[in-house]
Every structure is written in structure tokens, then in C-alpha cells.
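Got the viewer open? Let's take a short walk through one chain and the place where two of its parts meet.

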Amino acid sequence: MAKRPAELLKGTLDMLILKTLELEPRHGLGVSDRIAQITRGTFAVKPGSLFPALYRLEQVGFITSTWGATDAGRPAKYYELTSAGRKRLVVEQRNWARIVLAVGQVLEAE
Amino acid sequence: MPLLARIRSLRDLLFRKEELEADLDNELKAFVEQITARHVARGMTHEAARRAALLEVGGVEAVKDGVRTARIGNGLETTIGDARYAWRSLWRAPGFAIAATLTLGLGIGATTAIFSLVNALLLEDLPFRDPGRLVLVWNDVTFGGYGRAPLAAAELYDLRQRSTLFEGFGGIWANTTVLTDRDPEQIRMGLVTADFFTLLGAAPALGRVFRPDDDEEGASPTILLSDAVWRRRFDSDASIVGKTIEVDHGLSMVIGVMPAGFRPMLPTDSNVPDDLQAWLPLGAIRSATAPRGQRFLRVIGRMKPGVTLSAAQKEIASIGLQTGREQPFYGPAGLSLYGVGLHADSVRDTRPTLLALFAGVGLLLLAACVNVAGLLVARAAARTRETAVRMALGAGVGRLLRQYAIEGLVLGALGGLAGVLIGRAGLAVLIVLRPSTLGRIDTASIDPTVMAFTAGVALTWGLLLSLAPLAEIRGVTIASPSPANRAPTGSRRVAAGRPYRRRAALVVCQVALSAVLLVGAGLLVRAFLMLVRSDPGFSSAGIVTFRVAQNWMRFDSPEKMIAFTRELRLRLAALPGVTGVGAISHLPYDDGLPNWGTPYLHEGDTNLANAGTADTRSVMPGFFEAIGATLVEGRFFIDADGLSALPVTIVDERLAKRMWPGQSAIGQRLVGDPRTTGLPQQTVTVVGVVRHLRHRRPAIEVREQLYYPFEQAPRNPMAYVVRSDLDIGQLAPLVRQTIASLDPGSPAADIRPLSDYVSSARAARRFAAVLAAGFAGAALLLAAIGVYGVTAYGIALRRRELGVRMALGATGRQIVMLVVGESARLAAAGLAIGLLGAAGAAALMRTQLYGVTMLDPISFGLAITVLAVAVALAAWLPAQHAASTNPLESLRSE
């Protein structure tokens, strides 16, 4: 990795996790790999942040977890988006788009 | 946010914590495995791959900690853990838990019960619309010895005309009347101005209250019933409104029924009782020409919104001044009106009693808490090792503080719970015992305000008590017993010297508190006994009383009325066992009738400013003899003091001294007002002087007294007094028969022993004295328990020393003296502090002490004696036990 991983903006981690789970259930490592992949290595989520975030999201009911097996046949806990989580993701994305737009305008104005 | 998920996770957290932890553990293990496998696939050795994976995870325990912190209710979990721990440790020591809970519960329960009275009577608003705007107007006739006199109708008229800050002024005057439709019955009724109820802001349960046209001239007569009369006499007839009933031989239409709890809430000295049974319109008060000397109206005003009490008071005073200047009637004395807040005035008699009781119960609560603190200190000392272990295992001081605070709160909650139960029971007892002057107590209940107060008290004390053992943990270190706790000998038993001193200090507090309560209670009880023993100027022994309302339709002339009363007296006197018969217009302490204050002047003096106001009573021959009044000089009334005889009067000593100091009053003349015209205009000759009869207030002489013979100052109804050796059960039917044989239409009411009136007049004082004595007794018991505990504890600490002493030849007696002496020193210190406090408390109670000085030697002496005996006994019991044990045994146990 040539680029230094950027600091994650506060509150965006939850959104990113929800986003990675949008298409299919993943286990913890899968979530972290996917985030690194879609941000092309810009964000690297450490387990110390990842697991507390996963637990938090599960507790408030945005995701649920079940034990399953990986492709390699190892046991792993899989996380899946709930309908509440899906709604939340839509809201978060909309908010994010607004923020990006607003910040972009500020930067362009300079 | 999905609530269910949260609840589920909280549930998991509380009840399935182990599963949760195992799950997390497995997940992290799997995570590490996955990464390791990935590294291996890239060609690392298994060892290196695993190390790298662990490095990447960055500490499995740290991750777990992060997850735990993220969990909902993390703080709650610790708290619940602490509470569970507190509960368990209380459960492990049931003796301690029960003692602490009960002690705290008793203190809190007593406080709750008394507070519910304070809340109902002093704190809660009067049950009227916007009651803060209600003002009661008094007439200050201090120059005539009458600071709280009612107003004349003309003065109400002046207020109505001139005030700008009031929505209106209404008046009430209580008296009796007779419901004559069937079984004639006397009732107490209030004559009110038509706006009285609307101003008060009280709504009827049925029908309506009075309207302005109800007291216009020529308006058809109307009546408003109380709930009690409606239920009893009219069988709760729901269709009564609009019906016509016979009131005092006339027809009145019932316009409404007031709700069950309605009370006018006027102060007792207004002579408007709370238990009026009906209300009638007073009739037109529209003129300024009504006699200004006839003061009978209790006037209330309702301030306009936003008007302050002080502005309203100024306006009332200035209207009085202005009227006084304009009306020649008042002369140089003028007219002095003043307004007071209705609520404040209606509780002015009960407030000091309630506050004194509240203060007393507060001290009792304090004593209870000191007791519990003693228990906690002892327990903390016993738990030093546990505390040290917890600290060694990494519990910070903050964590321990929290633990103690929670233990305190659990204890407080238990005590509070017990307190509410005890308080509820206590309140029920108080309501049963309530004296009639505190009749409104029956509205007291454990309502949300009281509950909040109790919870606040319980939890505050719980927290404060949790501080008690803090001093113990302060000295505890991981390496405990610390040097501070270690006695020179290194003996584990002697190590607890500090807790002994602390408990000793608490015992000093207990003794001091109970000394204050004992002296306070002693003073109140003594004052009550002095009152009971004091001579009010008459005797109620063997006397039965009843009011007879004469049927004026049948006895329609003064001569006929007089003939009736003479005949009735003769027939009553002829009853078997009867030794005296008389009658008076007002029975002692019967505040339900308007008291009668009339002016009097020296003969020839026309300046009204010089007029005194005397308590005036109309009296039939035989009355003074029957109640055992003391004749100072002259004679009592006789039958010859009749309608057309020379107008005469009997005065009390005070009036005689005021009017004719240093001379005999017999044969002197004064100008009085036996027929209530409002002006002194009848010259009367003094034929007798009696000792002052304290029949208004048991403890004070209200003012000078004038007695007129009934036939020259007729009243209806009159209250008869019959002295006999029959009990009331035997006499009552005879009385009823006698009256019915004369006229069935003249009903007798309230056939009661005179002693009823006397004891109800003292009841408030008895109530306070009994409660105070109860508080003092409880505090004494607590102090005795405290002394017992500290003595036993001291003996336990010194067992070795005592054993050695006994082995060296000390007698049991010497040992007892040694131990008791120690406790006696503590008690003496507490007593000294307590007596100082008691002197202060006595100064605060000064106004409630009758016939007893503040530093009453008997009360103080008794308190000291009782405390000394209790302390000696409490210390002697464990000492005696210690002295009787085998010294070798106690040495061996070391």
C-alpha cells in the first residue's frame, strides 16, 4: 500500500459497514476487506474499531448476525442487513451526498 | 430506532452475559484464524502467520473491551451489579438488614405521617378556584380589646363601593336555624351574601350556588344544602333541586347541594365552622345605613388577577381609614380594617403545632439515622478485610465509593419502603385521633407529593449514611490492616479502636437528640396537664347540655317565650337526680355560634372611642350555680330579673377592675347593649361580679365579660345545662320527653356532656403532647440501643484487659463500674449537649407552653432522670454479662 490510509471521518464507519453489507452478508474480515477494496486502500478499518461498530449496529437492530462457514470451511460470524438497516443506509447516503455537495461547493468557491 | 432490538440486547446483557462473552470470544478467534490462514496461503510459516495476525488485531482483550464499552447499558450493568452485591451482602447479614431497615423505616414512617399533615394543611392550596387571590378582612377593634372583630354590613358595603383591586367582597355569618317540615331539627347554617360562593370559587355538586337576585329584596327564599344534610334528611334525593322545604316555618326552595368535602376554611376564631349544614342568603346589604356597631360579617375578598397581597392590604387599610374619617360613628378611634391571605389565616392556630411536631419528628428521624450509622460503622469495621481484598483485586477508591453509595441507596430504598407502609398506618391512626380543631386532617393522604418527599428523604439519608463507613475505608490500604488501624500490640481485636471512638461519638449524638425530644415532650405534656388541672372558672362535672330552639310560631311574644323557658327549667329541675338547671346563649368553646361582643361605656360617657368590647352572654337564673362559677361579690341572676324589672348585669372581675378600680362594682351602672343594636344605649346596674370564666379559649382570657339576664336580653336558641348524678344515657331520654311534653316543635340538639366541649378544646394540645411523648419514647429507645451497642462493643474490644483485671482480683462489681462508667461519660456528654439544645427548643415552643416556664425544672429533671436510668440499664446489661464470664475463658480465646 503506497498511500497512507486516511483517517475515517467520524460517523462514516457505520455507513461504510452498512454499505458493504448491502449486497450480501459478510463476516468481520469480509467487511474490513471490502471497505479496503472499495476505497482502494484509502481506509483500513482496524479490528479495534470494527468489532465495537458491528456490535453497536447489531444492538440497535440495523444488522443481525448468524454463525456460518467461510468458503474455506472455517466457522465465522456473518452479518446481514435488516430492513431497518437498509432504510438507515438510504438516509445516510442521502445525507452524505448533501454533505459532499456542500463541502464541494465551499471548496470550489475559494 | 427499533426498540425491540434494544430491549433484546439489554436482556441479553443482563441475563445471558456468559453466552455473549463466549460468542465474542469465538468470533475473535475465528477472525484471527482467518487472517492466519491468509498469511499462510501467502507462504508464511504457521507460526509467523499467527504472530502477524495477532499483531494486526492489536490485542484481543483490547478489542473485547472496546466491544463491551459499546454495549448498551454498560454503566447500568455495573450499577446493577453493585446493587445486586449490596442486596446479597444485606441478605447475608439479615440481623443487620432487619435492624437497619426497621429503624430507618420507623424514622421515615413517622416523618412521612407528619409530613402528610403538613402537606395537606399548610402546603396544599385551599380547594377553591385560584385560592391565592382570596383575602380575609378583619376589623381591628383593639382599643376595645378585640383585634380580630368581624365587620358591620355597612363596612362590607364600603369595601364593595370603594375597592378597585378586588373582583368583589362577600360575607358570611354562621348561626343556627330549624328545619321545620317534619321532625324539627336544629342545624348550623351560614348566612351568606349572594356572591359568597362565586367569590370563593366553590362549585355545587347539584344545582347552583346563589345568584345576585337571590338576595334582592322580595326575592323568594332559597337554600343551599350541605352534602351531609342532603344525604341524611333528604335521602340523597337527586331531584331535590327546585323542591321547596320548610325552613324555620317558612318555605325555601332548594337551589343546590354542595359537594361532600366542601368547607368554608375560615379560621376557628371567625366562628364559621367547617361543618355548616346549609347556607341561606343573608338578604340585602346594599345600604351604608346599617348600624355600624353591629359587627357580625366575616368578609372575604377576591383580588383581581395580578394584584399583589400587599397592594390589596394597603387598599383595604386605606378604605378603612377613609370610612373612619367620613363616618361620625367611629369618632377619633376611626376604622381600622386589614386583610390577610385566607390560607395563612385559616391555619394560624394549627401551624405552630404542626411545625413543632414536624421538627420533633425530624429529630426522631435524625436519631434513627444516627442509630443506623452506628450499625454501618460497626459493619464497615468488620468488613475491613473484605475492603482490603477488593482494593487488592484492583477496585479503585471511586469504585468503592460507588459501591458504598449504592449500598446506602439500597438501604435507603428499603427503609423508605418500610417508611411508607409505617407512615400510611401512622397517618390512619392520626386521622382517627385527630382533634376537632384539626378536623381538616382527614384530607391528608400519602399523595404523590408525600411520596416524593419520602423518597427524597429515604434516598438522601441512604446516601448520607453511605458516608458513615467511608471513614473506615479511608484508612484501608491493600496491605491492611494499615498502621493506622494496627494497635501497638498488633492484636487484631484492639485494632478497631477508631470505630469505637466513632460509635462513641454517635452515641453522644443519640443521647443529645433524645434529651431534646424528652425535654420537649416533657414541656408539652406538662403544659397540657397544667391546662387540665387549671381552673377555667367553671366545672363541667356531671353537666349535660343541649340547645333548645324555641318554636317562635307558637311562642310568638316575649311573654310566651319566657313562660316556656321558666316552665322548662322547672320541669328539668324536677327530674330525678337533677341538682341544678340553667341556660346560656353560648356554651363554652362552642365556636359554631357567633360569639357575641358588645360595647360598653361608663354611664354618661358618649364617646364611642372609650367603649370597650366585652364577651357577652345571655344567662338564665341557675346557670352560674349549676356550673360552679365563683361569685366574687353581689348575687347571681334570679327570676325577678325579668322583662319589666330593673335592667341588670353581672360582670367578670376583669371588667369590674377596668371600670371601677379599687371600688366595689355592685350598684355601679354602665351603658351596654343587651339587645344587640350596635350601640351602647341601655343603662344597666351591676348586681354581681364573677370570677372570669375561661370559656372562649381554655388557656387564655380572651377579654372582659358581660352577662345579661335572658329575659332582658333574649336569645333563641338557648343552651341548657343540667347538673345531675345521672349519666347522659339516662338523662337524654328524660330531657327529650320533658321538652316534647312542653312543645314537640321546639327540638333539642346536641345533647352532650359539657366535658365534651372542654376536652375538645384541649384536644389539639393533647394530640401534640401525645405525639411528642411518642417521639421522645422512640428516641429514648434508640439511644438505649445505641448505648447498649457501644458498651457491648467496648467490652468485646477490652475483653483481654478485663480478663487480666479479673484474674488479678478485680471484683465483678468493679468491672461493671468500669464499663458502665465509660458509657456514663458518653451519656453525660450527650446529655450536656442535649440540654443546651432543649433550652433552645423550649424557647421556640414558648407560645405553646401553658403554665410552664421555658426552663421548667420538672421537665428537665424528668428528662435527665429518665435518660440516666435508660443509659445505666443499657450499659449495665452487657457489663453484668462481661463481669460474670470466666476471666480465663476470655484470655484463652485470644
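Start by selecting domain 2 and domain 4 of chain B: their centres, taken over C-alpha atoms, are 28 Å apart. Keep in mind that you're looking at a predicted model. To get the ranges right, colour chain B by its assignment: domain 1 is 3-72, domain 2 is 131-346, domain 3 is 351-532 + 761-892, and domain 4 is 550-745.

Now show the contacts between the two. You should pick up 25 residues of domain 2 of chain B touching 25 residues of domain 4 of chain B. Switch to a surface view if you like: about 2,000 Å² is buried between these two domains, and carbon and sulfur atoms give 51% of that. Which residues of domain 2 of chain B lose the most area to domain 4 of chain B? Put Y146(B), H249(B) and N271(B) in sticks; together they make up 27% of what the domain 2 side buries.

Next, zoom in on D590(B) and R188(B). They form a salt bridge, with the closest N and O atoms 3.3 Å apart. The count of salt bridges between domain 2 and domain 4 of chain B is one. Turn on polar contacts too, and look for four residue pairs across this interface, both partners at pLDDT 80 or more.

Last stop: the domain 2 side in cartoon. Strand 4 (166-179) and strand 5 (185-192) of chain B are the elements giving two or more residues to the side that touches domain 4. Strand 4 gives the most, with four residues. Colour that side by class and you'll find twelve nonpolar, ten polar and three charged residues.

Methods. Residues are numbered from 1 along each chain as its sequence is written. Chains are lettered from A and ligands numbered from 1 in the order in which they are written. This is a predicted model: local features need pLDDT of at least 70, side-chain atom pairs count only at pLDDT 80 or more; totals for chains, interfaces and linings use all residues. Side-chain values use heavy atoms; hydrogens and water are left out. Domain bounds come from an automatic or database domain assignment. Contact means heavy atoms within 4.5 Å. Buried area is the accessible area (1.4 Å probe) that two parts lose on being put together, summed over both. A salt bridge is a side-chain nitrogen of Lys or Arg within 4 Å of a carboxyl oxygen of Asp or Glu. A polar contact is a pair of N or O atoms within 3.5 Å; within protein, one must be able to donate a hydrogen and the other to accept it, and residues adjacent in sequence count only if both atoms are side-chain atoms. Ala, Val, Leu, Ile, Met, Phe, Trp, Tyr, Cys and Pro count as nonpolar, Asp, Glu, Lys and Arg as charged, and the others, Gly among them, as polar.
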